[in-house]
Amino acid sequence: MADTKPQIVMRSGPIPGSSYYLDKDEVSIGRDLANDVPVPDAEISRRHARFIVKNDGVYIEDLGSTNGTFLNGVRLSSPKRLQNGDLITLAENTVMSFEWEGAEQAAAFTPTYGAPLTEPEPVRAEPVYQAVEQPVPQRPLAPEPTPVKSSKKPWFLNFLLILLIILIIVGLVLTFMPTSWWCFLSFNQLPGCIAGP
């Protein structure tokens with residue numbers, strides 16, 4: 001019986017067609033280059049998810065990512081065991097399939113106990129991944145921005161305010177100006193001014 005190895009195959013996203021064996025007890029995936037499977041996509045978190053290989057199968061767990069990890073269209077909230085052919089979506093754009101390499105060939109040569117041994121039927125080569133319309137997680141639309149009222153006053157209001165301040169200052173200066181200055185400004189023509197020599 002052929003040995004089977006778990007692997008993921010990128011179906012869409014920044015690196016379609018790439019495949020990775022899950023050959024460690026824990027395989028991390030995310031945007032950061034320190035991950036076992038780095039995926040250069042801005043929508044994916046630095047440490048997005050991880051695959052956990054156990055004796056009873058392979059599990060996937062979301063690591064608190066911003067845009068979520070989806071298994072067959074359902075967002076993960078806890079670790080889930082993977083089945084051959086499961087579709088995994090990271091954020092919105094990166095879709096991959098989980099596969100057991102050699103699983104179809106091994107199943108074809110496994111005899112059924114109690115049944116007479118016969119020639120195995122030829123196995124039809126079918127792709128594990130079929131292009132199926134799956135719901136793509138939708139981001140909630142951002143609320144419409146409320147228009148911000150400008151705190152700027154029209155230019156003519158600023159002009160009038162400056163003109164009013166200038167008039168008040170001039171009025172105060174003229175009110176408290178000494179009499180000799182009034183005489184000087186009027187060329188000694190005002191009553192009470194002493195005519196020149």
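Does Glu 61 count as buried or exposed, and at what relative accessibility? Glu 61 counts as buried, at 18% relative accessibility, because the cut-off for buried is under 20%. The points below put that residue in its setting; the model is predicted.

1. Six-stranded sheet. One open sheet has six strands in the order 2-1-11-10-7-8, with antiparallel pairing. Its edge strands are strand 2 and strand 8 (74–75), each of which pairs on one side only. Within the sheet, strand 1 (residues 5–12) is joined to strand 11 (residues 94–101) by seven bridges, and the two run antiparallel. Two of the residue pairs can be checked directly: Ile 8 has Phe 98 of strand 11 as its bridge partner, and Met 10 stands opposite Met 96, also in strand 11.

2. The hairpin of strands 1 and 2. Strand 1 is also joined to strand 2 (residues 19–21), by three bridges and in antiparallel fashion. Six residues lie between the strands of this hairpin, and Gly 13 takes a positive phi near 120° there. On the strand itself, Gln 7 stands opposite Tyr 21 in strand 2.

3. Gln 7. This residue is in strand 1. Gln 7 counts as buried, at 10% relative accessibility. Leaving aside residues up to four places away in sequence, Gln 7 touches Ser 19, Tyr 20, Tyr 21 and Leu 22, and also Ser 97, Phe 98, Glu 99 and Glu 101. Among these contacts, Tyr 21 is the residue opposite Gln 7 in strand 2, while Phe 98 is the bridge partner of Ile 8 in strand 11.

4. Five-stranded sheet. A second open sheet should be described separately: it has five strands in the order 4-3-5-6-9, and its pairing is mixed. Strand 4 (37–38) and strand 9 (80–81) are the edge strands, each pairing on one side only. Strand 3 (residues 26–30) and strand 5 (residues 49–54) run antiparallel and are joined by four bridges. One of the pairs is Ile 29 with its bridge partner Ala 49 in strand 5.

5. Nonpolar core. The largest nonpolar core has 21 residues, and those with the most contacts inside it are Ile 8, Ile 29, Phe 51, Leu 82, Ile 88 and Met 96. At least two core residues come from each of strand 1, strand 3, strand 5, strand 6 (57–62), strand 10 (87–90) and strand 11. Ile 88 is a useful residue to inspect. Not counting residues up to four places away in sequence, Ile 88 touches Phe 51, Ile 60, Thr 69, Phe 70, Leu 71, Leu 82, Thr 94, Val 95, Met 96 and Phe 98. As general background, nonpolar side chains in soluble globular proteins tend to be buried together.

6. Salt bridge between Arg 11 and Glu 99. The count of salt bridges comes to four. In one of them the side chains of Arg 11 and Glu 99 meet at 2.4 Å, N to O. Arg 11 lies in strand 1 and Glu 99 in strand 11, so the pair ties together parts that are 88 residues apart in sequence. The two partners should not be described alike. Arg 11 is partly exposed, with a relative accessible area of 30%, whereas Glu 99 is buried, at 9%.

7. Salt bridge between Asp 36 and Lys 24. The closest N and O atoms of this pair are 2.6 Å apart. Asp 36 is in the loop between strand 3 and strand 4, and Lys 24 is in the loop between strand 2 and strand 3, so the pair links distant parts of the chain, 12 residues apart. Asp 36 is partly exposed, with a relative accessible area of 34%. Lys 24 is also partly exposed, with 41%.

8. Network around Arg 50. Arg 50 forms a salt bridge with Glu 61, with 2.6 Å between the closest N and O atoms. Arg 50 lies in strand 5 and Glu 61 in strand 6, so this pair ties together parts that are 11 residues apart in sequence. Glu 26 belongs to the picture too: Glu 26, Arg 50 and Glu 61 are linked in a network of salt bridges.

9. Surface patch. Trp 155, Phe 156, Leu 157, Phe 159, Leu 160, Leu 163 and Leu 167 form a nonpolar patch on the surface, with about 770 Å² of accessible area together. Leu 157 is in helix 2 (residues 155–175). Leu 157 is partly exposed, with a relative accessible area of 39%.

How values were computed:
Residues numbered from 1 in each chain as written. Predicted model: local features only at pLDDT ≥ 70, side-chain atom pairs only at ≥ 80, totals over all residues. Heavy atoms only, no water. Pairing = 2+ DSSP bridges. Patch = residues over 30% accessible without salt bridge, like charges linked within 9 Å, V, L, I, M, F, W, Y side chains within 5 Å. Areas by Shrake-Rupley, 256 points an atom, 1.4 Å probe, with all protein chains shown as cover. Buried < 20%, exposed > 50% of the residue type's maximum accessible area, 1.4 Å probe, protein only. Contact = heavy atoms within 4.5 Å. Core = buried A, V, L, I, M, F, W, Y, C linked by side-chain atoms within 4.5 Å.
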